[in-house]
Amino acid sequence: MAEVTFDYENLQGVEGGLEDGDLDGVRPRLKEAVDGLLGDPPGFMRLPKTREYAESSVSLAEEIRGSGATDFVHVGIGGSALGPMAVHRALNHPYYNMLSGEARRGPRVHFAENTDPATLSAVLDVADPGGTWVNVVTKSGSTAETMANFLVIRGFLVDALGSFGYQGRTVATTDPEKGFLKEISEREDLRVLPIPADVGGRFSVLTPVGLLPAAVTGLDVGAMLAGAAQCVDEVQEQGPEHQAVVGAAMHYLMDTQRGRNVRVMMPYADSLERLAAWFVQLWAESLGKEGKGSTPHGAVGTTDQHSQVQLYMEGPQDKVIEIVEVEDHPKDLSIPKAYEDLEGVGYLGGHTMAELLNVECDATRKALTEAGRPNSTIKLGAVNEENLGYLFQALEIQTAITGDLYGVNAFDQPGVEAGKEITYKRMGRPGH
Ligand SMILES: O=P(O)(O)OC[C@H]1O[C@](O)(CO)[C@@H](O)[C@@H]1O
């Protein structure tokens, strides 16, 4: 069973927070939104119970691992990269690529996301062309950043291995029905994994977009799907009372009724820093439309206590701070007793690092609450596949429902087109 809870107590009981009547006012619309989501479910709602994507991803991952692969380069951007990066950072060793032998459960993993040549050159500096696999991931099949990164890596592999060698080590993860990457995969007989047509990039972490890279590093993708399925079952049973759904109303009201249009996600675990980055795209691209939406921001506790908490405590009253707390950290270290005669240092000895982290988490929450700074908490029993799967699904559901409350389409992103168009013109793409 996944252990994930959402706690909104400090959005209601505090100065500047919500009052009971606020939530009551939005309940009928919330019910309508959940009924709509369950009655005519968008593609992402069926992913947790779809076995075929996990099966094809795991079987290809086994082939990749069995081939003695040294490097796996995941090429993609936005929704085609942020989910896989969040999973990798959350569940694999922080220095995964530096581990050797059994300690590393698969090839080294590299993400080619931005078009910064320094990053891609660095990947090519360390990847062994003799053992490199490339997974090019794009739903549309023609995102400029992704295709540019892919073309460079393709050249690197063709030079080292010849066309045949390159083809045998390349996976195209894309819309199976259309797009230029589909065409390339047919021309070059590449392995293909599908991104279903009805699942947009930022909702696609539980398709092969997220499942293949997770399986390549030996993670339990079945457990990730089971956690997400638990969330769907709960929403079906509890409807508008479900914790993630209630959160949609809370965040919507904090913005529209209380003028708090910044939502800060602040995990107290380094491993969840990329989860916040994944969430930022989900919330921003889904809701920022027609002059509506709130601005998502990622922070990390305790690190950002020493950078941003001053602003959260005493700056403009425009934020909701959402703490992500982890009960059981995967590792802990005892702090040795030393310097016991020095009161500013000696008190730490005998405690543990995880204890300090969680005490600071609680202390920040209390300080924010006492200062009239509304905050909420997402609590994970542990950072594991099941809880992460639950959380992905819960935040996607929350975002879709919040879109409904705002009256915007949470599944498109028309605002990104103008910049793309100018780029195409300047780079000489025919027809633009
Ligand atoms: O998977 P694709 O089609 O390459 O798109 C990548 C990203 O670009 C966007 O279309 C625009 O930023 C996102 O919605 C998407 O996740």
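# Fold, domains and selected residues

Among contacts in the protein chain between residues at least 6 apart in sequence, those joining residues at least 24 apart make up 78%; two residues are in contact if their C-beta atoms, placed from the backbone, lie within 7 Å. The structure is a predicted model, in which local features need pLDDT of at least 70 and side-chain atom pairs count only at pLDDT 80 or more, while totals for chains, interfaces and linings use all residues. Residue numbers start from 1 along each chain as its sequence is written.

## Overall form

The protein chain contains 16 helices and 10 strands. Both kinds of element are DSSP runs numbered from the N terminus, helices being H or I runs of at least four residues and strands E runs of at least two. The C-alpha trace of the protein chain spans about 65 × 60 × 45 Å along its principal axes. Its radius of gyration is 23 Å, which agrees with the value near 22 Å for a compact globule of 432 residues. That radius is taken over C-alpha atoms, and the globule rule is 2.2 Å times the number of residues to the power 0.38.

Of the 432 residues, 47% count as buried. A residue is buried if 20 or more other C-beta atoms lie within 10 Å of its own, exposed if 12 or fewer, and partly exposed in between, with C-beta atoms placed from the backbone.

## Two domains and their contact

An automatic or database domain assignment supplies the domain bounds. Domain 1 consists of 4-40 + 223-415, and domain 2 of 45-220. Their centres, taken over C-alpha atoms, are separated by 29 Å. Across the boundary, 25 residues of domain 1 are in contact with 22 residues of domain 2.

On the side of domain 1 that touches domain 2, the elements giving two or more residues are helix 9 (221-238), helix 11 (273-287) and helix 15 (385-406). Helix 11 provides the largest share, 9 residues. By residue type, this side of domain 1 divides into 16 nonpolar, 4 polar and 5 charged residues. Here Ala, Val, Leu, Ile, Met, Phe, Trp, Tyr, Cys and Pro count as nonpolar, Asp, Glu, Lys and Arg as charged, and the others, Gly among them, as polar.

## Ligand shell

The ligand is surrounded by 14 residues, the closest being G78, G79, S140, T143 and G201. A residue is counted as near the ligand if its C-beta atom, placed from the backbone, lies within 6 Å of it. The shell divides into 2 nonpolar, 9 polar and 3 charged residues.

## Annotated positions

In the unreviewed UniProt entry, the annotation "active site" covers E285, H306 and K420. These positions span 136 residues in sequence, and the farthest two C-alpha atoms are 37.2 Å apart, so they do not all gather at one spot. UniProt positions are given in the numbering used here, feature names are shortened, and annotations may be inferred rather than shown by experiment.

E285 is placed in helix 11. Not counting residues up to four places away in sequence, E285 touches R202 and Q413. H306 is found in the loop between strand 8 (295-298) and helix 12 (309-314). T302 also lies in the loop between strand 8 and helix 12, and the peptide bond from G301 to T302 is cis, with omega near 0 degrees.

## Backbone details and a helix 15 residue

E290 has a phi near 55 degrees, a positive value in a residue other than glycine. E290 lies in the loop between helix 11 and strand 8. Y339, not a glycine either, has a positive phi of about 50 degrees. Y339 is placed in the loop between strand 9 (319-328) and helix 13 (343-346).

A394 is in helix 15. Leaving aside neighbours within four places in sequence, A394 is in contact with V4, C231 and A244. A394 and V232 are 162 residues apart in sequence, and their C-alpha atoms are 8.0 Å apart in space.

The table gives the burial of the residues discussed.

| Residue | Other C-beta atoms within 10 Å | Class |
|---|---|---|
| E285 | 23 C-beta atoms | buried |
| H306 | 9 C-beta atoms | exposed |
| E290 | 11 C-beta atoms | exposed |
| Y339 | 12 C-beta atoms | exposed |
| A394 | 26 C-beta atoms | buried |
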